[in-house]
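Please open the structure in your viewer and keep the selection panel at hand. The tour below goes from stop to stop, saying at each one what to select and what is to be found there.

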Amino acid sequence: MLTNQLYIGEAPLAFIFGIIVGPYGGNVFNPHAWGGGSDSTVNSITLEFTRVVLAIGVFAIGVELPKAYMAKHWKSLFFLLVPIMSWVGHVHFRTTISAW
């Protein structure tokens, strides 16, 4: 594969591919044309698309972990995720309530 021959990761290649197919390259993938050109609609669609891509990436990384990883590192994951998830949930709840 090209990444092995050039000794680079997948991120620089994905970045270059994004420039090539993006609106400043080949204009194959142009988010500025979505939603009738309204900035708020384009931003909302782009945000949701980014969330889906990030969720798929995190899920793929989780699937690749060895089975013994969770048994060995459960404490560090627990103390990293539980406070952060609680804080994010609290902030999201507060902003949702205040928006009403």
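Begin by selecting Ala14, Phe17, Gly18, Val21, Gly22, Pro23, Phe29, Pro31, Trp34, Thr46, Phe49 and Thr50, which together line the largest pocket of this model, a model that is predicted. With these residues shown, the space that they border comes to about 250 Å³. Next, colour helix H2, residues 10-21, and helix H3, residues 39-64, since each of these helices supplies at least two residues of the lining. Which helix gives the most to the lining of the largest pocket? That is H2, with 4 residues. If you then colour the lining by class, you will find 8 nonpolar and 4 polar residues, and no charged residues.

From the pocket, move to the loop between H2 and H3, and select Gly26, which has its place there. Gly26 counts as partly exposed, because its relative accessibility is 47%. To see how this loop residue is placed with respect to Asp39, draw a distance between the two C-alpha atoms: Gly26 and Asp39 are 13 residues apart along the chain, and their C-alpha atoms are separated by 22 Å.

Staying in the loop between H2 and H3, select Asn27. Is Asn27 buried, partly exposed or exposed? At 42% relative accessibility, it counts as partly exposed. The backbone deserves a look here as well, for the phi of Asn27 is near 60 degrees, a positive value in a residue other than glycine. Most residues other than glycine have a negative phi.

The next stop is in helix H3, where you should display the side chains of Glu48 and Arg51, which are 3 residues apart and therefore separated by about one helical turn. These two side chains meet in a salt bridge, with a distance of 3.2 Å from N to O, and the count for the model comes to 1 salt bridge. Glu48 is partly exposed, its relative accessible area being 42%.

Now go to helix H4, residues 68-99, and select Lys72, which is found in this helix. Lys72 counts as exposed, because its relative accessibility is 68%. For a distance along this part of the chain, take the C-alpha atoms of Lys72 and Gly89, which are separated by 27 Å, the two residues being 17 apart along the chain.

For the last stop, show the surface and select Leu80, Leu81, Ile84, Met85, Trp87, Val88 and Val91, which make a nonpolar surface patch of about 690 Å². One of these residues, Val88, can be picked out for a closer look, and it lies in helix H4. Val88 counts as partly exposed, because its relative accessibility is 44%, a value between the limits of 20% for buried and 50% for exposed.

How values were computed: Residues numbered from 1 in each chain as written. Predicted model: local features only at pLDDT ≥ 70, side-chain atom pairs only at ≥ 80, totals over all residues. Heavy atoms only, no water. 1 Å grid on protein atoms, 1.4 Å probe; cavity = no way out; pocket = protein on both sides within 12 Å on 5 of 7 lines; lining within 4 Å. Points joined across faces, edges and corners; volume = space filled by probe spheres on them. Nonpolar A, V, L, I, M, F, W, Y, C, P; charged D, E, K, R; others polar. Patch = residues over 30% accessible without salt bridge, like charges linked within 9 Å, V, L, I, M, F, W, Y side chains within 5 Å. Areas by Shrake-Rupley, 256 points an atom, 1.4 Å probe, with all protein chains shown as cover. Salt bridge = Lys/Arg side-chain N within 4 Å of Asp/Glu carboxyl O. Buried < 20%, exposed > 50% of the residue type's maximum accessible area, 1.4 Å probe, protein only.
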